[in-house]
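The following exercises concern a predicted model. Each task is followed by a solution worked in steps.

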Amino acid sequence: MTKTPVALTLNAGSSSLKFALYDISGAPVELASGLVDAIGAAPRLKADFGAAAPALKRDLTAAEARDHVSALSTALSELRQRFPDAKASVVGHRVVHGGPVYSEPVAITAQVLEELRRLSPFAPIHQPHNLAGVEAAMAAFPDALQVACFDTAFHRSHPKVNDIFALPREYYDKGVRRYGFHGLSYDYISGELKRLAPLVHDGRVIVAHLGNGASMCGMIGGRSIASTMGFTALDGLPMGTRTGQIDPGVIFYLVQQEGMSIDEVRQLFYSKSGLLGMSGLSNDMRTLEAAGTVEANEAIDYFVFRIRRELGGLAAALGGLDALVFCGGIGENSRLIRERVCEGMGWIGLELDRERNARNDTLISTEMSRARVLVVPTNEELVIARAGKRLLDAAA
Ligand code: ADP
């Protein structure tokens, strides 16, 4: 019996492994998705198998997810039980950094893997874990095509002026550039706009990807022109636990006057700041919306204020605005945040329809609004699965 060709997608974080399985006999169709988290601590597995089997949620033993290799093998054994006829022909990986070179997904050879390792200092918190996922998958599927899909790639189209910092030139040559991230999400949204609203796609669009990580991207004709994240995924909007844009002088102050080490500052900026740090309560927007404390409200105020500021800045970079698109957990679900972002934005041509917004419609602007406001659920895994299939077909 011939086996069904499938693509496995992997997104390996510091202590988590997200996976999804796609039937790629035709255009990719999702069969299953899941997550192993708290790897190396008190690991858990959550998985959804669509119509094939009931969803699964269970605590794992330490041995079942000691590291990424064992976590992958545990997830795979659950998948194999439910999809015995599937054959993984391609494994697609989310890799945060493609450096200045990669503007497209790439088949991973030993040489590519080595180049990606050399980029680790640019994203020390993410890249080594992404590559641990690649190595685990290479061991598990020695015959499958391994494909890397980069968060930075989508932004390689931005003009040079959005690629540089005001530093002496030698640093640019060393790779200190404005890369931008969340590219898989923006790529997906760009494709969806082309399908749903081709005229909007061809125009000037700002996409607000508002999740635990958050950024915004200005596009023209579906290509990135400017984004709020820079050299690292720390810049731009405040996030669940990250500062977003901050005066670099604060770092000098914390180190020189407060006696903090660089690692402590890094930990502060990446893991203890943002919504969590400001509210003193949670990094979760749902919790903050429900809390009603002064600190939670201030955290929400600052989040909204920075989105509005970046909206104005990106619109200037695009020379105007034809549409604003919300995506990510907060963008797709929080009508409060969407309403507050769009409040009083008539000057830029945005008029929100409160009822459409409350219903979570796709189009949430009024008929009179010059620029459209849309809610489009993002799907980074599907972008990876499509790239995997494309490269697999090309290799054949
Ligand atoms: P990640 O960046 O980790 O993929 P998500 O895109 O899933 O994160 O977004 C997580 C965020 O979305 C959390 O702050 C969560 O509170 C928020 N969120 C999810 N649903 C809602 C909702 N109904 N209202 C407000 N915020 C929500």
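**Exercise 1. Charges over a ring**

Task: Determine which charged ends sit over the ring of Tyr172, and at what distance from its centre.

Solution.
- Step 1. The charged end of Arg177 lies over the ring of Tyr172, 3.8 Å from the ring centre.
- Step 2. The charged end of Lys160 also sits over the Tyr172 ring, at 4.8 Å from its centre.
- Step 3. To count, the NZ atom of Lys or the CZ atom of Arg must be within 6 Å of the ring centre and within 35 degrees of the ring normal. The ring of Tyr172 is therefore assigned two such charges, Arg177 and Lys160, under this cut-off.

**Exercise 2. Aromatic pairs**

Task: Classify the pair formed by Tyr102 and Phe150, then that formed by Phe122 and Tyr179, and locate the partners in the chain.

Solution.
- Step 1. A search of the whole structure returns five aromatic pairs. In one of them, Tyr102 and Phe150 have their ring centres 5.0 Å apart and an angle of 15° between the planes. Planes under 30 degrees apart count as stacked, so the Tyr102–Phe150 pair is stacked.
- Step 2. Tyr102 belongs to the loop between β6 (86–95) and β7 (106–107), and Phe150 to strand β8 (residues 145–150); the pair thus links distant parts of the chain, 48 residues apart.
- Step 3. Buried means under 20% relative accessible area. Tyr102, at 11%, is therefore buried, and so is Phe150, at 2%.
- Step 4. For Phe122 and Tyr179 the ring centres are 5.9 Å apart and the planes meet at 35°, so this pair is tilted.
- Step 5. Phe122 is in the loop between α2 (110–118) and α3 (127–140), while Tyr179 is in the loop between α4 (169–173) and α5 (183–196); the pair therefore ties together parts 57 residues apart in sequence.
- Step 6. Phe122 and Tyr179 are both buried. Ring pairs join these two residues and Phe231 into a cluster.

**Exercise 3. Two buried positions**

Task: Decide whether His182 and Ala88 are buried or exposed, and name a partner of each.

Solution.
- Step 1. His182 is placed in the loop between α4 and α5. Its relative accessible area is 9%, so His182 is buried.
- Step 2. The side chain of His182 makes a polar contact of 2.8 Å with the side chain of Ser215.
- Step 3. Ala88 is found in strand β6. With a relative accessible area of 15%, Ala88 is likewise buried.
- Step 4. Val6 is 82 residues from Ala88 along the chain, yet the C-alpha atoms of Ala88 and Val6 are separated by 4.8 Å.

**Exercise 4. The ligand and its shell**

Task: Describe the surroundings of the ligand: how many residues surround it, which atoms lie by its oxygen atoms, and which elements contribute?

Solution.
- Step 1. The ligand is surrounded by 13 residues, the closest being Asn212, Asp284, Met285, Arg286 and Gly329.
- Step 2. By class, the shell holds two nonpolar, eight polar and three charged residues.
- Step 3. An N or O atom in the side chain of Asp284 is 2.4 Å from an oxygen atom of the ligand. From the backbone, an N or O atom of Met285 lies 3.0 Å from a ligand oxygen, and one of Ile330 lies 3.3 Å from a ligand oxygen.
- Step 4. Taken alone, the ligand exposes 580 Å², of which the protein buries 70%.
- Step 5. The elements giving two or more residues to the shell are α10 (285–291) and α12 (328–333). The most comes from α12, with four residues.

Notes. Residues numbered from 1 in each chain as written. Predicted model: local features only at pLDDT ≥ 70, side-chain atom pairs only at ≥ 80, totals over all residues. Heavy atoms only, no water. Near = heavy atom within 4 Å. Polar contact = N/O pair within 3.5 Å; in protein donor to acceptor, adjacent residues only side chain to side chain. Areas by Shrake-Rupley, 256 points an atom, 1.4 Å probe, with all protein chains shown as cover. Nonpolar A, V, L, I, M, F, W, Y, C, P; charged D, E, K, R; others polar. Phe/Tyr/Trp six-rings, centres within 6.5 Å; stacked < 30°, edge-to-face > 60°. Buried < 20%, exposed > 50% of the residue type's maximum accessible area, 1.4 Å probe, protein only.
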